[in-house]
Amino acid sequence: MSQGTLFIVSAPSGAGKTSLVRELIESLDGIQVSVSHTTRAKREGEVDGVNYHFTDAATFEGMIARGEFFEYAKVFDNYYGTSRKAAQTVLDAGQDVILEIDWQGARQVREQMPEAVSIFILPPSRSELERRLASRGTDEHAIIARRMRDAISEMSHYDEYDYLVVNDDFTTALQELQSLVISRRLACPLMSERHASLLATLLSQAPGVE
Ligand SMILES: Nc1ncnc2c1ncn2[C@@H]1O[C@H](COP(=O)(O)OP(=O)(O)OP(=O)(O)O)[C@@H](O)[C@H]1O
Ligand SMILES: Nc1nc2c(ncn2[C@@H]2O[C@H](COP(=O)(O)O)[C@@H](O)[C@H]2O)c(=O)[nH]1
């Protein structure tokens, strides 16, 4: 079975990547989002194992020591990471996988898997980014201020990514993400089983092929 494609999606906090990725995986078959581990506190409404695997720092550091992370980083003073097993299981099943991670994690993934497709999502403006962080209603003022400060350093890594998508109008940004996933599938140099079997049939029936 051919392997799926790994997509990296990064953005400053509040730009809308979780909302876009949620809609993307609902709109396309054969693509899943990898559930990260984090040491940050659970927000109201978040579910362990769905939004994140919520862990304490000792557990997270034990996983680091055992080499269980594909990538991990400290973001806003908390650990966040993708378990190697979680991402690989999806890829081995022939499904595409999306990692919603920061620029530090994206670098680690590219080093190990240069064929990964990376997408950076930009907000239309800094004021709109701040408005979205506030309107989400999940974080206190000090946390929003910290995320706004770190947004500039996150965005300064935009040029390490293969594609940029501006999340101004949500539907337009979603369509651009859908196009990137679909065009990657069509351009995939690894032949799918369906294509291989069709070609084998077509070529075996062609008279006079040398
Ligand atoms: N195009 C858009 N226009 C207006 N609001 C949007 C748009 N996209 C997302 N939002 C809203 O912005 C807020 C932040 O979105 P979201 O939580 O998806 O951001 P995020 O990039 O995943 O943040 P984090 O990295 O902190 O998880 C949400 O309330 C979401 O509904
Ligand atoms: N390197 C990684 N970064 C991650 C991962 N999961 C999330 N993130 C980054 O954290 C921020 C904040 O997320 P929040 O849920 O607290 O709002 C987010 O913007 C991502 O950039 C991960 O597995 N690895």
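How far does a polar side-chain atom of Arg-147 lie from an oxygen atom of ligand 1? I looked this up before anything else, and the distance is 3.2 Å. I note here that the model is predicted.

**Entry: ligand 1**

I listed the surroundings of ligand 1 and found 16 residues around it. The closest are Ser-13, Lys-17, Thr-18, Ser-19 and Asn-167. I then looked for contacts to the nitrogen atoms of the ligand. A polar backbone atom of Asp-168 is 3.0 Å from a nitrogen atom of ligand 1. For Phe-170 I noted a distance of 3.5 Å between a backbone N or O atom and a nitrogen atom of ligand 1. Ligand 1 exposes 640 Å² when taken alone, and the protein buries 77% of that.

**Entry: ligand 2**

I did the same for ligand 2, which has 17 residues around it. Ser-36, Arg-40, Tyr-52, Tyr-80 and Arg-147 come nearest. Arg-147 was already in my notes, for its contact with an oxygen atom of ligand 1.

Which distances did I write down for the side chains of Ser-36 and Tyr-80? In Ser-36, an N or O atom of the side chain is 2.6 Å from an oxygen atom of ligand 2. For the side chain of Tyr-80, the distance from an N or O atom to an oxygen atom of ligand 2 is 2.6 Å. Gly-81 takes part through its backbone, with an N or O atom 3.4 Å from an oxygen atom of ligand 2. On its own, ligand 2 has 510 Å² of accessible area, and the protein covers 95% of this.

**Entry: the parallel sheet**

I moved on to the strands. An open sheet is made of 5 strands in the order S2-S7-S1-S8-S9, with parallel pairing. Its edge strands are S2 (31–33) and S9 (163–166), and each of them pairs on one side only. On average, neighbouring strands of this sheet are turned by 25° against each other, direction ignored.

I checked one pair in detail. Strand S1 (residues 6–10) and strand S8 (residues 117–122) run parallel and are joined by 4 bridges. Phe-7 has Val-117 in S8 as its bridge partner.

Two helices that touch this sheet went into the notebook. Helix H3 (residues 84–92) packs on the sheet and touches S1, S2 and strand S7 (96–100). The direction of H3 makes about 155° with that of S7. Helix H7 (residues 170–187) lies across S1, S2, S7, S8 and S9, and runs at about 155° to S9.

**Entry: the mixed sheet**

Another open sheet has 4 strands in the order S4-S3-S6-S5, and its pairing is mixed. Strand S4 (53–54) and strand S5 (69–75) each have a single partner strand, so one side of each is left without a neighbour in the sheet. Strand S3 (residues 37–38) and strand S6 (residues 78–83) run antiparallel, with 2 bridges between them. Thr-38 stands opposite Tyr-80 in S6. I recognised Tyr-80 from the list of residues that come nearest to ligand 2. Helix H3 appears here again, lying across S5 and S6 at about 35° to S6.

**Entry: the loop between S5 and S6**

What is the sign of phi in Phe-76? Phe-76 has a positive phi of about 50°, although it is not a glycine. I wrote this down because most residues other than glycine have a negative phi. Phe-76 is in the loop between S5 and S6. Asp-77 is found in the loop between S5 and S6, and its phi is near 70°, also a positive value in a residue other than glycine.

I then looked at what Phe-76 touches. Leaving out residues up to four places away in sequence, Phe-76 touches Ser-13, Arg-146, Arg-147 and Asp-150. Ser-13 is one of the closest residues to ligand 1. The C-alpha atoms of Phe-76 and Ile-143 are separated by 8.7 Å, with their positions 67 residues apart along the chain.

**Entry: helices H5 and H6**

My last look was at a helix pair. Helix H5 (residues 126–136) packs with helix H6 (residues 141–155) at an angle of about 145°, and their axes are 10 Å apart. The crossing of H5 and H6 is right-handed. Residues of H5 that meet H6 include Arg-126, Leu-129 and Leu-133. On the H6 side, Ile-144, Arg-147 and Met-148 are among them. Arg-147 therefore closes my notes, as a residue of H6 that meets H5.

Terms used: Residues numbered from 1 in each chain as written. Chains lettered and ligands numbered in written order. Predicted model: local features only at pLDDT ≥ 70, side-chain atom pairs only at ≥ 80, totals over all residues. Heavy atoms only, no water. Pairing = 2+ DSSP bridges. Axes fitted to C-alpha atoms, helices over the stretch in contact; angles between N-to-C directions. Contact = heavy atoms within 4.5 Å. Near = heavy atom within 4 Å. Polar contact = N/O pair within 3.5 Å; in protein donor to acceptor, adjacent residues only side chain to side chain. Areas by Shrake-Rupley, 256 points an atom, 1.4 Å probe, with all protein chains shown as cover. Left-handed = near helix turned anticlockwise from the far one by under 90°.
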